[in-house]
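Below is a short set of questions and answers on one protein model. The structure comes first.

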Amino acid sequence: MRWSQAFIPTLRDDPADAEAVSHQLLIRGGFARQLMSGVYSLLPLGQRVCRKIADLVRSEMERIGGQEFRLPALHPAEIWQRSGRWEAMGDEMFRFTDRRGSDVGLGMTHEEVFAHLAGELRSYKQLPQIWYQIQTKFRDEPRPKSGLLRVREFTMKDSYSLDIDPEGLDFAFQRHFEAYRRIFSRCGLEALAVEASSGSMGGNESVEFMVPSPAGEDWIASCSSCGHAGNLEKITSRLAPMEDGPGLEAPERFATPGLRSIEDIASFEHGAPADRQIKTLIYVLDGSVVQVLLRGDHELMEQKLLDATGAGELRPASDDEIRAALGALPGSLGPVGVEGLRVLADASLRGRRDMVTGANLDDFHLRGVDVERDIVSPEWLDLREVKAGDGCPLCDAPLDVSQTIEIGHIFKLGTRYSEALGAKVLDDSGASRPIVMGSYGVGIERTMASVVERHHDDRGIIWPVEIAPFEVVITVLNPKDVATLEAGTALYEALLAQGIDALLDDRNERPGVKFKDAELVGIPFRVTVGPKGLERGILEFQPRDVDTGQEIEILKASVTIAEAVLERRTQH
Ligand SMILES: [Zn+2]
């Protein structure tokens with residue numbers, strides 16, 4: 001490509017609303033443009049990067065035996081109704097009615113359609129299968145942000161494994177795990193594999209691949225001692241044991257006028273420190289009011305509440321609902337003696353005595369509460385958010401908490417979708433069995449944005465060679481000088497002939513503008529061709545990630561450059 005004819009609209013300034021570095025640089029570098037909230041056009045440079053990422057993903061999927069499909073984005077409601085997700089997906093799914101009056105959804109994932117197709121399989125002898133596609137997905141995110149990291153329309157590689165039994169699924173899951181490691185490593189991303197919540201996908205085990213970044217929206221806890229790591233939505237921790245006194249024979253009410261929060265009670269002279277208080281939250285879970293209990297210094301992780309109860313929806317109860325259920329308002333709520341309401345309690349409260357909590361009477365609390373004695377049939381669950389410094393659940397070393405971007409997620413689904421969509425085969429005894437499925441996803445544009453988050457400096461992007469839009473830019477310093485332009489063009493053609501992805505910057509711009517643009521768009525190698533160098537038979541060659549160039553002989557230039565590029569392409 002000649003830059004003079006290319007559409008690479010670089011900008012001098014960051015877009016006004018862009019906080020994430022990848023958002024700023026992908027817009028400024030002319031890779032993408034926003035069309036509406038959470039919806040982006042990929043410009044030629046962005047498309048080149050995404051195509052390279054997709055090809056790389058494709059090669060790794062083929063390597064584990066994947067077969068490529070292409071499924072529709074338009075889905076009939078019926079197929080999602082059969083899995084129960086037409087309701088469960090709520091407002092996140094784009095839906096409309098077609099001219100015949102039929103309900104149609106835009107696919108946000110394809111478990112249903114693949115399970116429907118798997119209904120054509122007849123025998124265990126046809127298994128295992130790995131089916132995949134690279135295709136557009138739609139999700140009506142409530143808060144699209146961070147540029148290409150959280151969007152409403154995006155490209156995803158989604159794959160599905162089909163096996164006769166759970167052992168087959170374990171094997172397919174492991175194969176995907178290894179393929180994902182290779183994919184991210186080839187993209188220049190050091191991804192951390194963490195335990196994750198399966199959310200609305202169902203199934204019993206899932207692993208996320210995470211890249212540390214301040215632009216991320218997921219928080220993980222990890223143990224530097226044993227390597228255990230998990231999403232905060234999933235991971236548990238060990239707590240130092242608490243020693244409680246014998247407490248009172250029965251809870252005792254005391255006045256706490258105007259004291260509403262855990263902190264208020266902690267600093268009140270007749271109160272108790274936060275870890276000696278019971279925090280009472282009232283939620284509505286799938287339409288029913290429930291009590292959620294935590295230690296005063298802990299926070300609820302809502303996803304854990306959903307996962308532990310199997311509920312589809314939750315929201316905090318309104319003041320009216322709370323008053324109707326407990327007779328008091330937030331600030332004076334407690335679980336003692338409450339009957340007829342489900343009590344979901346974090347396991348850290350188990351066996352505690354001499355605790356303080358609200359009395360269900362405005363401006364009163366109770367002291368001397370014995371959890372086992374005074375609370376009616378609590379269900380013990382893991383509900384609290386793990387904090388930095390909590391003990392690793394495996395080795396007890398202190399956990400670190402960090403902000404990350406999720407770049408891949410793999411799930412063991414089991415038979416939920418195959419049962420719902422009728423994907424069954426005959427096993428070796430002639431019995432009909434539902435196919436055991438796994439599902440595996442990588443977002444293509446999100447991977448591109450994550451690479452920018454990890455590979456940039458204050459001048460722009462620094463693409464890893466494997467996914468760079470171009471591998472080499474040849475900067476012609478004075479294209480009006482015929483000899484210089486001819487030398488640059490000859491080198492450009494020699495590089496193309498060797499299979500190197502080269503861009504010839506033949507624009508009539510000042511050298512400073514050209515250097516700045518090349519650095520901004522992040523091309524891994526630059527060769528500068530100028531009249532003075534040509535007189536001495538040399539060019540300047542500079543990798544994007546080092547500060548100084550080196551002189552190379554013009555006669556050997558194409559070979560030297562091709563060798564440098566090939567060395568940086570991943571071996572595979
Ligand atoms: Zn550990």
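The turns below cover the overall build, two helix pairs and the nonpolar cores.

Q: What kind of model is this, and how are residues numbered?
A: This is a predicted model; local features need pLDDT of at least 70, side-chain atom pairs count only at pLDDT 80 or more, and totals for chains, interfaces and linings use all residues. Residues are numbered from 1 along each chain as its sequence is written.

Q: How many helices and strands does the protein have?
A: Helices (H or I, at least four residues) and strands (E, at least two) are DSSP runs, numbered from the N terminus. The C-alpha trace spans about 100 × 65 × 50 Å along its principal axes. The protein has 16 helices and 31 strands.

Q: What percentage of the 572 residues counts as buried?
A: A residue is buried if 20 or more other C-beta atoms, placed from the backbone, lie within 10 Å of its own. Of the 572 residues, the buried share is 43%.

Q: How is H13 oriented relative to H16?
A: Axes are lines fitted to C-alpha atoms, for helices over the stretch in contact, and angles run from 0 to 180 degrees between N-to-C directions. The axes of H13 (residues 482-497) and H16 (residues 557-568) come within 9 Å and cross at roughly 45°. Angles under 35 degrees count as roughly parallel, over 145 as roughly antiparallel, 65 to 115 as roughly perpendicular and the rest as oblique. H13 is therefore, relative to H16, oblique.

Q: How is H2 oriented relative to H6?
A: The axes of H2 (residues 44-63) and H6 come within 10 Å. Their crossing angle is roughly 155°. This makes H2, relative to H6, roughly antiparallel.

Q: Which residues of H6 make the contact with H2?
A: Two residues are in contact if their C-beta atoms, placed from the backbone, lie within 7 Å. H2 contributes Leu-56, Val-57, Glu-60, Met-61 and Arg-63. On the H6 side the residues are Ala-179, Arg-182, Ile-183 and Arg-186.

Q: Which helix gives the largest share of the largest nonpolar core?
A: A nonpolar core is a set of buried Ala, Val, Leu, Ile, Met, Phe, Trp, Tyr and Cys residues joined through C-beta atoms within 7 Å. The largest one has 137 residues, and Val-292, Met-448 and Val-472 are among those that touch the most other members. Its largest share, seven residues, comes from helix H6 (residues 166-186).

Q: Which residues of H16 does H13 meet?
A: The H13 residues in this contact are Leu-491, Ala-494 and Leu-495. Their partners in H16 are Ala-557, Ser-558, Ile-561 and Ala-562.

Note on methods. A residue is buried if 20 or more other C-beta atoms lie within 10 Å of its own, exposed if 12 or fewer, and partly exposed in between; C-beta atoms are placed from the backbone.
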